[in-house]
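Colleague: I have not looked at this one before. Can you put it up and take me through it?
Modeller: Here it is.

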Amino acid sequence: MGFIVPEDLYYTKDHEWAQVDENIVTVGITEFAQDSLGEVVYVELPEEGAKVTQNESFGVIESVKAASDLYSPVSGTVIEVNNVLMDNPSILNDDPMNEGWLVRIEMDTEKELANLMRAPDYKKLINEAK
Amino acid sequence: MSELKKTPLYQEHLRLGAKMVPFAGYEMPVQYIGLKEEHLNVRNHVGLFDVSHMGEIRVQGPHSLETLQWLTTNDVTKLQKGEAQYSLLPNNNGGLVDDIIIYCVEPHQNYLVCVNASNKDKDFAWMKDNNKNAILTDESDLWGQIAIQGPKALALLEQLLDFKISSIPPFKWTFILWNQTELMVATTGYTGEKGAEIFVPKEAAVSLWKALLDQGQEFGVLPIGLGARDTLRLEMKYSLYGHEIDENINPYAAGLGWVIKPSQKDFIGKSEMLKQKEAGLPFSLVGFKLLEKGIPRQGYTLFSFDNQEMGKVTSGTLSPSTQDPIGLGYVWPQYAQIGSEIYVDIRGRKTKAVVVPTPFVRPT
């Protein structure tokens, strides 16, 4: 099965996506991530105003079977949290790339984007993982 | 070791679109359409499980009973032809080599012992080392095993096998001839539901599996992966080796005293196991439910109400049946009574939980 990997996004090796709009970064998990996790039943996200660091855990996502850390694609400050997910975590299975966004982060420096993957490399990564 | 084994039903799992994972040296289906849907289908209708990875060890000959009495904790002399018995393989230090089911084919002569997939080589070696002159044969590669579980399981089996399975009480078994194949059909299971586990010669496993899926359509049958098998047994507080029981846990602490018969017989490690029990076991296995958000997982630490470390969570999940975050774990005995409040350390956050009655669900 092919997963949708939009060209305009950035990706982490831990299967988060990042959409960059000037200095605001919207973060979510990829189609591949939701498929590997199975049914998501619980999400733990930071509060607005929390500081996050690139490659460090900023939350947890749990399926019936297991808990997985969420890793931040950039360093910065959380300015918005998708609280709808708390009561309705299954959105992360149904629409992880849009409705299932997790947080919006005001990033400290654009330089960190260089550490992220673009779509062709990410596609390569998930094809090897399969 | 490196090459994963495949059960006789491997191709069927691929055909059904299962997600395959390595488990106990086998490539096994962890889920087909989704854990929760599969779980609920077993509670509400019927599910099929490939459990061919389980081990089967034959114990035969005039010394078979004597050997099993020595190797296991339950009283094998009670076991009549056509009966099954849950039991334990104790080690020398009060812990367990494995938990097992013994099927009596002929008293004093012929028994089939079903063991955990992850332990079968260890068990067979242990049994040979402690043998009292029985003939021991590892038959694991000869058998497929299919579990059929759920409120509609017996109706499906009666239709397919043309045999009144519902007249067989729980924990018994019988030979049934189907398609010129002799099946061992046992009314045992690991879900708390009505149903059976069928030992099928591996050559016939695929045709039996297909027939069950086919005839099962009208009963709402689904194939069920290992993921739901685990949450189903957890809702019943059934022990899983490597979680609630292992080489270092005294089975009395795990609540398994009902299958230990020290006054009836001698067995390996009996004096050590009893010595520990009489000295007072430091832990008891309990079922608990979180009172706050979160999900308990194996390995999380359990704390007393005054913040002292007690023991570990052995299994945990969000119950697909009740939607409660539930778990099993070891606490101090004074915290084992229903209603005791405890804390679970979830990634550094002390989350309040309460000890609740088990099983967590009561299948009808």
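Colleague: What share of the contacts in chain A with a separation of 6 or more comes from residues 24 or more positions apart?
Modeller: Residues that far apart in chain A supply 64% of those contacts. Keep in mind that this is a predicted model.

Colleague: Ok. What is chain A built from, in helices and strands?
Modeller: Chain A has four helices and nine strands. Starting at the N terminus, the order in chain A is β-β-β-α-β-β-β-β-β-α-α-β-α.

Colleague: And how does the radius of gyration of chain A sit with that of a compact globule?
Modeller: It agrees, because a compact globule of 130 residues would come out near 14 Å and chain A has 14 Å. The C-alpha trace of chain A spans about 35 × 35 × 20 Å along its principal axes. Of the 130 residues in chain A, 39% are buried.

Colleague: Switching to where the chains meet. How many residues does each chain give to the contact?
Modeller: Chain B gives 12 residues and chain A gives nine. On the chain B side, the elements that give two or more residues are H2, H7 and E16. By class, that side of chain B has four nonpolar, five polar and three charged residues.

Colleague: Let's stay with H7 of chain B. Why is it described as largely enclosed?
Modeller: Helix H7 of chain B covers residues 226–235, and nine of its 10 residues are buried, so the rest of the structure largely encloses it. Among the buried ones are Leu226(B), Arg229(B), Asp230(B) and Glu235(B).

Colleague: Which elements do the buried residues of H7(B) pack against?
Modeller: They pack against strands E1 (19–23), E2 (26–31), E3 (46–50), E16 (309–318) and E17 (325–331) of chain B, and against helix H2 (35–44) of chain B.

Colleague: How do H2(B) and H7(B) pack, in terms of angle and distance?
Modeller: The angle is about 55°, and the axes of H2(B) and H7(B) are 9 Å apart. That angle is why H2(B) counts as oblique to H7(B).

Colleague: Is the crossing of H2(B) and H7(B) left-handed or right-handed?
Modeller: H2(B) crosses H7(B) in a right-handed way.

Colleague: Which residues of H2(B) and H7(B) meet there?
Modeller: From H2(B) there are Leu35(B), Glu38(B), His39(B) and Val42(B), and they meet Gly227(B), Ala228(B), Thr231(B) and Leu232(B) of H7(B). That contact between H2(B) and H7(B) has four nonpolar, three polar and one charged residues.

Colleague: What happens just after H7(B)?
Modeller: Lys237(B) takes a positive phi there, about 60°.

Colleague: Which other residues have a positive phi without being glycine?
Modeller: Phe171(B) is one of them, with phi near 60°. Phe171(B) sits in the loop between helix H5 (153–161) and strand E10 (173–178) of chain B. Asn307(B) is another, with phi near 70°. Asn307(B) lies in the loop between strand E15 (301–303) and E16 of chain B.

Colleague: Are Phe171(B) and Asn307(B) buried or exposed?
Modeller: Phe171(B) counts as partly exposed because it has 15 C-beta neighbours inside 10 Å. Asn307(B) is exposed, with 8 other C-beta atoms within 10 Å.

Colleague: Last one. Where is there a cis peptide bond?
Modeller: Between Thr358(B) and Pro359(B), where omega is about -5°. Pro359(B) is in the segment after strand E19 (349–356) of chain B.

How values were computed. Residues are numbered from 1 along each chain as its sequence is written. Chains are lettered from A and ligands numbered from 1 in the order in which they are written. This is a predicted model: local features need pLDDT of at least 70, side-chain atom pairs count only at pLDDT 80 or more; totals for chains, interfaces and linings use all residues. A residue is buried if 20 or more other C-beta atoms lie within 10 Å of its own, exposed if 12 or fewer, and partly exposed in between; C-beta atoms are placed from the backbone. Two residues are in contact if their C-beta atoms, placed from the backbone, lie within 7 Å. The radius of gyration is taken over C-alpha atoms; the globule rule is 2.2 Å times the number of residues to the power 0.38. Ala, Val, Leu, Ile, Met, Phe, Trp, Tyr, Cys and Pro count as nonpolar, Asp, Glu, Lys and Arg as charged, and the others, Gly among them, as polar. Axes are lines fitted to C-alpha atoms, for helices over the stretch in contact, and angles run from 0 to 180 degrees between N-to-C directions. Angles under 35 degrees count as roughly parallel, over 145 as roughly antiparallel, 65 to 115 as roughly perpendicular and the rest as oblique. A crossing is left-handed if the near helix is turned anticlockwise from the far one by less than a right angle, and right-handed if clockwise.
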